[in-house]
Every structure is written in C-alpha cells, then in structure tokens.
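Colleague: I'm new to reading structures, and I'd love to learn how the descriptive words are earned. Could you take me through this one?

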Amino acid sequence: MSSIETTRLGTGGPVVGVQGLGCMGMSEFYGPTDTGEALATLERALELGVTLFDTADIYGSGANEELIGPFVRAHREQVVLATKFAIERRADDPAYRGINNDPAYIRKAVDASLRRLGVDVIDLYYMHRRDPDVPLAESVGAMAELVAAGKVRHLGLSEVTGPELREAHAVHPIAALQSEWSVFARGVERSAVPAAVELGVALVPYSPLGRGFLTGAFADAGQLGAGDFRRNLPQFTGENAAGNAELVTPIRKIAERLGATAAQVALAWVQQRAEVHGLTAVVPIPGTRRRSRLEENLGATRLVLGAEELAELEPLAAEVSGGRYADMSSTADAREV
C-alpha cells in the first residue's frame, strides 16, 4: 500500500494526511486493548502517510496521552498532534462528566497535557465541548494566549454550532472543527458546515464509521463486551438497533458492487463531503487499535463513490432511530436554533 495524499487543515493550518487516526479506543471505552498491537498500529499508520493523531485528556483520564507520548516524541517532526480539553472526570464517580471552559482551567489543562505527552508544543488544541455559561470569547481568548506563549500551534473546536464557530473565529483563527459526521449522523450540516465553508475551516469528522456500526461488526450493543460504552448508546440498543441494522444493508450492497468493504464505503462518503459542500478539507479520524483495520480504512482514500452510490446513501441519516448519546445536552445539536 502506498502513502496517502495530504491536505491542509484550514487556512494556514497544518498539512496532514487525508485520513487521521483516532486514538481513544487504545485506552478506554471499547473494552480490553492489546497495547503492543495498538502501538504497532501507530507506527504502521505513520508509515502509510497518516500524520494527524488525535487524543484528549479525558481518554483514560490522561492515560491515552501518556500511551502515545513516546511515539509522538520519536517522530515529532512528522506527527501532527491533536489533543483536547474541557471534559472533567472524577475518580470517585466514573460516570461523572463535567464541562469546564474557564480560562484558568484551560491554562492548567494544557500544561497537564504537555506533561503527560512529554512535548513542548501541541499542534492542534481543541475545546472538546462547549459550556454556554462561559463566554466563548473568554475561552477562545485564553486558547489564543496559549498560541502566543508557544504552547499550542493551532486551535480547534468540537461540537459547536455555526454561529459559535463564527464567534470563535473572530477572536482567533480556527483551523479545524471536530464533530461527529457520518452516513448516519449529519446534524453538523445544519449550521456548522456552512460556517466552516465561509471561514475556511477544515472538518475533522469523528466516529465516521458510526462507532463501528456502519462496518457491520455488530448489529446490537448486546453483542459487545460488558465494559463497552456503546452498550449505553440509544442507536445501538433495542428496537433502535434492529431498525438501524437494516439501514446498513445498502452500504453493504454498494461495497459488494464496488469490490470494497462497508467501512471503506462509509469513509469514502465522508471524504467526498469536502467536494459536495465546498470545504477546504475533510479529514476523518476513524479509530482503531489494529493494523488490519487501519489498512482497510486507508483503502477508502482511493475509493470514489459515483452519483448512483451517493444517491442511495443520501436518505439513510433521516431514517436513523435513537440519539448519538443518551444525554445530548453537551452536543451542538442541543444548541441549534
């Protein structure tokens, strides 16, 4: 397999491979991990041209940053390192998730991430979630100070609306918006994508494979291990799961017709959103812990769906049952007007 092509994240942002790698599952959320295979997957990704590696301080409560730190340091000139702040956890309450956008917290969070990663600068620093009670200009202003201090190179936001993206961009250029975007999840198209087009902001879709559901790897969360967080997601349980599993059938049929896999079709659809909407770049970050899945996913970078395939996939999102999360209050969807 040859190296993938590159693109630029936003106007003046970093140049990265056209597909990135989400590292979250290497530490938490999807059950037990083979650490050796996960680290080998990082190395293989870089060999194949993946340069955007995505983590966050919440993943494993810092453990994911510590896990990928040695890899990042060993390849610092090649790796574009992205991490995030804003979601707080508590050791005495595993289910607790708080959102903190306070400037003082942001300054502490970046120092903690730099320490865990063992690096001097973060290439792309995201606000992971938005707290509407904290003025956005204050939060982004604090993030801009990190750029001025040399701790961060570029800024990103996650799960914000179009108006919020415009407001933030007016304070400091935003290189990338990371939000869920897939054949099954298209809420980002309501206001955020048009704003990103207008501002020259790149889209970095997370969960472009619907957390594995679009690959056909499982049809009901009951098939997953006891520690898998997908067991609590409405789309993957009960009647919702049964109906949504039927919606994967058109993806499989297209894959068979094109000699591809369902995962490759789903990723190709996301990649082609750049052309469809006129975005500067769309760089999905499918997460995987295995080299075989990584290579399968990267095969999508060479797959182009025709008008017939795109038309078949177009109606699926509107037919999906259940929310992306059990609690949608911290997502952009909750703040769309």
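Modeller: Happily! Let's start with a pair of residues: Leu124 stands opposite His154 in E9. Please keep in mind that this is a predicted model.

Colleague: What makes E8 and E9 a pair of strands?

Modeller: Strand E8 (residues 122-127) and strand E9 (residues 152-158) are joined by 5 bridges. Two strands pair if there are at least two bridges between them, so E8 and E9 qualify. The two strands run parallel.

Colleague: Where do E8 and E9 sit in the sheet?

Modeller: They belong to an open sheet of 7 strands, in the order E3-E4-E5-E8-E9-E10-E11, with parallel pairing.

Colleague: Why are E3 and E11 called edge strands?

Modeller: Strand E3 (21-22) and strand E11 (202-206) each pair on one side only, and they are the edge strands.

Colleague: How do you know that E6 and E7 pair, and in which sense?

Modeller: Strand E6 (residues 87-90) and strand E7 (residues 93-99) share 3 bridges, and their pairing is antiparallel. The cut-off is at least two bridges, so this counts as a pair. One of the bridges links Arg90 to Asp93 in E7. A hairpin of 2 residues joins E6 to E7.

Colleague: Let's move on to burial. Why is Ser179 called buried?

Modeller: Ser179 has a relative accessible area of 4%. Buried means under 20%, so Ser179 is buried. This residue lies in strand E10. Leaving aside neighbours within four places in sequence, Ser179 is in contact with Ser158, Glu159, Val160, Val188, Val204, Pro205 and Tyr206.

Colleague: And what makes Glu66 partly exposed?

Modeller: Its relative accessibility is 46%. Partly exposed covers values between the 20% and 50% cut-offs, so Glu66 belongs there. You can find Glu66 in helix H2 (residues 63-74). Glu66 and Arg116 are 50 residues apart along the chain, yet their C-alpha atoms are separated by 5.1 Å.

Colleague: What is notable about the phi of Ser61?

Modeller: Phi of Ser61 is near 50°, a positive value in a residue other than glycine. Ser61 lies in the loop between strand E4 (52-54) and H2. Another such residue is Ser207, which has a positive phi of about 50° although it is not a glycine. Ser207 lies in the loop between E11 and H7.

Colleague: Are those two serines buried or exposed?

Modeller: Let's take them in turn. Ser61 has a relative accessible area of 53%, and exposed means over 50%, so Ser61 is exposed. Ser207 is at 15%, and buried means under 20%, so Ser207 counts as buried.

Colleague: Now the helices. Why are H4 and H5 called oblique?

Modeller: The axes of helix H4 (residues 136-148) and helix H5 (residues 162-171) cross at roughly 45° and come within 9 Å. Roughly parallel would need an angle under 35 degrees and roughly perpendicular 65 to 115, so H4 and H5 are oblique to each other. Their crossing is right-handed. The contact is made by Leu136, Ala137, Val140 and Gly141 of H4 and Glu164, Glu167, Ala168 and Val171 of H5. By class, these residues divide into 5 nonpolar, 1 polar and 2 charged.

Colleague: What else does H5 lie across?

Modeller: H5 lies across E9 and strand E10 (174-180), and runs at about 155° to E10.

Colleague: How do you know that H7 and H8 are roughly parallel?

Modeller: The axes of helix H7 (residues 238-247) and helix H8 (residues 249-258) cross at roughly 25° and come within 4 Å. An angle under 35 degrees counts as roughly parallel, so that is the name for H7 and H8. Here Ala245, Glu246 and Leu247 in H7 meet Thr249, Pro250 and Ile251 in H8. That contact has 4 nonpolar, 1 polar and 1 charged residues.

Colleague: Which residues bring H3 and H4 together?

Modeller: Pro103, Ile106, Arg107 and Val110 in H3 meet Glu138, Ser139, Ala142, Met143, Glu145 and Leu146 in H4. They divide into 6 nonpolar, 1 polar and 3 charged. Helix H3 (residues 103-117) packs against H4 at an angle of about 35°, with the axes 9 Å apart, and the crossing is right-handed.

Conventions
Residues numbered from 1 in each chain as written. Predicted model: local features only at pLDDT ≥ 70, side-chain atom pairs only at ≥ 80, totals over all residues. Heavy atoms only, no water. Axes fitted to C-alpha atoms, helices over the stretch in contact; angles between N-to-C directions. Parallel < 35°, antiparallel > 145°, perpendicular 65-115°, else oblique. Left-handed = near helix turned anticlockwise from the far one by under 90°. Contact = heavy atoms within 4.5 Å. Nonpolar A, V, L, I, M, F, W, Y, C, P; charged D, E, K, R; others polar. Buried < 20%, exposed > 50% of the residue type's maximum accessible area, 1.4 Å probe, protein only.
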